Amino acid sequence: AQLPPSSPPQQSFPAMAAGLALSPLDDPLVLDALLLCTEVTLSVFPTTEEEDLQLLEQLDDADWKMRLAIRFRVQKKRLLKEAIQLLKQRKACAEDVGNLLLALLPENNSRGWVNF
């Protein structure tokens with residue numbers, strides 16, 4: 001069975017609105033939403049990564065279940081921090097590429113370098 005074609009996503013990025021083919025995942029609004037979700041997820045932890053690491057140093061080896069849970073929580077926080085960094089980089093890159101593509105449009109390009 002074939003799936004029905006999906007409707008095109010809303011376009012908030014100027015280059016996308018101009019009809020240039022960019023991925024919706026490069027849309028700054030999408031990246032902002034992903035960033036917000038990731039930052040909120042990180043902020044709801046009751047402790048910081050540093051506090052967790054200090055707690056690990058204080059715990060007895062006999063409390064292996066608690067140590068394992070804290071190590072898992074530390075890894076989740078590190079992954080979230082890395083995701084935030086990567087999303088910020090992708091957003092900056094998408095904005096740069098979008099601005100470049102817009103500049104190459106004939107109506108924005110006084111030198112006529114590219115004809116679409």
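This report walks through the fold, the charged pairs and a few individual residues of a predicted model.

## Overall fold and confidence

Let's start with the big picture. The secondary structure of the protein comes to 4 helices and 0 strands, and from the N terminus the order of elements reads α-α-α-α. The chain has 116 residues, of which 27% count as buried. About 8,600 Å² of the protein is exposed, with carbon and sulfur atoms supplying 59% of that area. Among contacts between residues at least 6 apart in sequence, 59% join residues at least 24 apart.

How confident is the predictor? The average pLDDT of the protein is 78, and 67% of the residues score at least 70. Confidence is lowest in helix H1 (residues 14-17), where the mean is 53, and highest in H3, where it is 96. Over residues 1-11 the pLDDT stays under 50, and the model has 5 contacts beyond four places in sequence for that stretch. If you plan to look at details, it is handy to know that H3, with its mean of 96, hosts several of the residues discussed below, including Glu49 and Leu53.

## Salt bridges between helices

A word of background helps here: side chains of opposite charge can pair when their charged atoms come close. How many salt bridges does the model hold? The count comes to 6 salt bridges.

One of them pairs Asp32 with Lys91, with the closest N and O atoms 2.6 Å apart. This pair links distant parts of the chain, as Asp32 sits in helix H2 (residues 28-43) and Lys91 in helix H4 (residues 64-104), 59 residues apart. Is Asp32 buried or exposed? Neither label fits, because its relative accessibility is 31%, and Asp32 therefore counts as partly exposed.

Asp52 is worth a visit too, with two partners to look at. Its salt bridge with Arg73 has closest N and O atoms 2.7 Å apart, and that pair connects helix H3 to helix H4 across 21 residues of sequence. Asp52 also forms a salt bridge with Lys77, where the closest N and O atoms are 2.6 Å apart. Here again the link runs from Asp52 in helix H3 to Lys77 in helix H4, now 25 residues apart. Both ends of this second pair are covered: Asp52 counts as buried because its relative accessibility is 0%, and Lys77 counts as buried because its value is 2%. Beyond these pairs, salt bridges that share partners join Glu49, Arg78 and Lys81 into one network.

## A closer look at Glu49

Where does Glu49 sit? Its place is in helix H3 (residues 49-58). Why does Glu49 count as buried? Its relative accessible area is 11%, so it falls under the 20% limit for buried residues.

The side chain of Glu49 makes polar contacts with two side chains: that of Arg78 at 2.6 Å and that of Lys81 at 2.9 Å. Which residues does Glu49 touch, leaving out those up to four places away in sequence? They are Val74, Lys77, Arg78 and Lys81. Lys77 in this list is also the salt-bridge partner of Asp52, while Arg78 and Lys81 are the residues that share a salt-bridge network with Glu49.

## Leu53 and its neighbours

Leu53 also belongs to helix H3. With a relative accessibility of 32%, it lies between the 20% and 50% limits and so counts as partly exposed.

Setting aside neighbours within four places in sequence, Leu53 is in contact with Val74 and Arg78. Val74 and Arg78 also appear among the residues that Glu49 touches. For a distance you can check in a viewer, take Leu53 and Arg71: they are 18 residues apart in sequence, and their C-alpha atoms are 8.1 Å apart in space.

## A nonpolar surface patch

Which residues make a nonpolar patch on the surface? Leu36, Val40 and Val44 do, with an area of about 290 Å².

Val40 is the member to examine here. It is placed in helix H2, the helix that also carries Asp32. Because its relative accessibility is 43%, Val40 counts as partly exposed.

Terms used:
Residues are numbered from 1 along each chain as its sequence is written. This is a predicted model: local features need pLDDT of at least 70, side-chain atom pairs count only at pLDDT 80 or more; totals for chains, interfaces and linings use all residues. Side-chain values use heavy atoms; hydrogens and water are left out. Helices (H or I, at least four residues) and strands (E, at least two) are DSSP runs, numbered from the N terminus. Buried means under 20% relative accessible area, exposed over 50%, partly exposed in between (1.4 Å probe, protein chains only). A polar contact is a pair of N or O atoms within 3.5 Å; within protein, one must be able to donate a hydrogen and the other to accept it, and residues adjacent in sequence count only if both atoms are side-chain atoms. Contact means heavy atoms within 4.5 Å. A salt bridge is a side-chain nitrogen of Lys or Arg within 4 Å of a carboxyl oxygen of Asp or Glu. pLDDT is the predictor's confidence in each residue, from 0 to 100. Accessible areas come from the Shrake-Rupley method with a 1.4 Å probe; for residues, only the protein chains shown count as cover. Patches are made of residues with over 30% relative accessible area and no salt bridge: like charges are joined within 9 Å, nonpolar side chains (Val, Leu, Ile, Met, Phe, Trp, Tyr) within 5 Å.
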